[in-house]
Amino acid sequence: MYLWCVAMTALAAAPASAQGFPSRPLRIIVPYASGTTTDLLARLIAPRISASIGKPIVVENKSGASGSMGAQAAAAATADGYTLLLGTSGIMAGNPALMPTLNYDPAKDFAAVGAIAQNPQILAVGAATGVRSVPELVEFLKTNPAKANYGSTGIGGAPALAGAVFLHGSGLKANHIPYNSVSQAMTSLIGGEVTFMFYGSLALLPLTKSGQLRALANGGTRRSGLFPDLKTMADLGYRDFAAVSWFALYVPAQTPRDAIRVITRALDATLKEADTAARLAQGGFDPWPLAPDALTAFGEKDRLRYREQVKKYGGIDP
């Protein structure tokens, strides 16, 4: 009788994942505002993963402090598999390299579920600058020191670091102006308040088609499906230049492995769907399926890369 009671008590205390996870809706915390590249990606994959696991998934935006507010909220959530974080290169690698008082630890506070996609950073200028190429941009910055600045959507993200790396490779200095939102940054780029900016291809596409912005180069390691004729920075002589944002799903540390496996399988199935691949391509994303262990190792490597670059450039402002 005693052993039976102990067994029943253990069963009652077992994680939900062992008793038919999931049994209720899940949520994905997006640490940026609605309409950003990260948000669009979350809303693309959420219904597909939902269909696979048979439960609704709510996308919840928690922006602020270069994404750290959303990351902190996800890290503090109950580790039961029902709260996920759509992590990015900025949150998981950039912020730790630039923010000594970061309120979360990407290595200790999260468990990897799986990688989703990568997105190249496109170098763009306002059409009003008259600049039509990277060499012309370099010359413009040299001869217009009062306008020598670049924009980003926050310290720690791929756009900010890409700008610093570009300036370093060009032997230039410029002020970094981080904005609180994509819309603010784009408005300033179009209006000439900032000279240039790196950002994801999907957000820049309509603005380049309308003639408000001009795309000069692709910061990725291969040609972009949305900008197929645009040369990479490496093609233009910037050796080893790689400005690529990456996106992946995480859960709070200590989340039951059974629950993680359920979500990982659903994500893997989602990324293998032809419709998902087509939608990702339309958004300028390259599918990037990585298993949890591989994603964890990649994250460690990318954090090291960010730390080395930040140390080399003395921070974001070169």
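Helices (H or I, at least four residues) and strands (E, at least two) are DSSP runs, numbered from the N terminus. With that naming in hand, here are some close-up views of this predicted model.

**Figure 1. S66, a residue with positive phi in the loop between β2 and α3.** S66 lies in the loop that joins β2 (57-61) to α3 (68-76). Its phi is near 55°, a positive value in a residue other than glycine. For context, most residues other than glycine have a negative phi.

**Figure 2. Q254, a positive phi in the loop between β9 and α9.** This view turns to the loop between β9 and α9, where Q254 is found. Although Q254 is not a glycine, it has a positive phi of about 75°.

**Figure 3. A cis peptide bond from F21 to P22.** Where does P22 sit? It belongs to the loop between α1 (2-13) and β1 (26-30). The peptide bond that leads into P22 from F21 is cis, with omega near 0°. As a reminder, most peptide bonds are trans.

**Figure 4. The packing of α2 against α9.** Helix α2 (residues 37-53) packs on helix α9 (residues 257-272) with the two axes 9 Å apart and at an angle of about 120°. That angle makes α2 oblique to α9. The crossing of α2 past α9 is right-handed. On the α2 side, the contact is made by R48, I49, S52 and I53, and α9 answers with V262, A266, L267 and T270. Sorted by class, the contact of α2 with α9 holds five nonpolar, two polar and one charged residues.

**Figure 5. The packing of α2 against α10.** Here α2 meets helix α10 (residues 274-282), with an angle of about 175° between them and their axes 11 Å apart. How are α2 and α10 arranged, roughly parallel or roughly antiparallel? Angles over 145 degrees count as roughly antiparallel, and α2 and α10 are therefore roughly antiparallel to each other. The residues in contact are L41, L44 and R48 from α2, together with D275, T276, R279 and L280 from α10. Three of the residues in the contact of α2 with α10 are nonpolar, one is polar and three are charged.

**Figure 6. The crossing of α5 and α6.** The axes of helix α5 (residues 134-143) and α6 cross at roughly 80° and come within 11 Å. That makes α5 roughly perpendicular to α6. From α5, look for V134, L137, V138 and L141; from α6, look for F166, L167 and S170, which complete the contact. By class, the contact of α5 with α6 has six nonpolar residues, one polar and no charged.

**Figure 7. The largest pocket and its lining.** Rolling a probe the size of a water molecule over the atoms shows where empty space is left. The largest pocket holds about 550 Å³ of space. It is lined by 36 residues, of which Y32, T36, T153, G154 and Y199 are the closest to its centre. Two or more lining residues come from each of α2, α4 (89-98), β4 (110-126), α6 (158-170), α7 (182-191), β7 (196-200) and β9 (244-252). Which element gives the most to the lining of the largest pocket? That is α4, with three residues. The lining of the largest pocket is made up of 12 nonpolar and 24 polar residues, with no charged ones.

**Figure 8. The second largest pocket and its lining.** The volume of the second largest pocket is about 380 Å³. Among the 19 residues that line the second largest pocket, F110, A111, A112, P292 and T296 are the closest to its centre. At least two lining residues are supplied by each of β4, α9 and α11 (292-313). The most come from α11, which gives seven residues to the lining of the second largest pocket. By class, the lining of the second largest pocket divides into 10 nonpolar, four polar and five charged residues.

Technical notes. Residues numbered from 1 in each chain as written. Predicted model: local features only at pLDDT ≥ 70, side-chain atom pairs only at ≥ 80, totals over all residues. Heavy atoms only, no water. Axes fitted to C-alpha atoms, helices over the stretch in contact; angles between N-to-C directions. Parallel < 35°, antiparallel > 145°, perpendicular 65-115°, else oblique. Left-handed = near helix turned anticlockwise from the far one by under 90°. Contact = heavy atoms within 4.5 Å. Nonpolar A, V, L, I, M, F, W, Y, C, P; charged D, E, K, R; others polar. 1 Å grid on protein atoms, 1.4 Å probe; cavity = no way out; pocket = protein on both sides within 12 Å on 5 of 7 lines; lining within 4 Å. Points joined across faces, edges and corners; volume = space filled by probe spheres on them.
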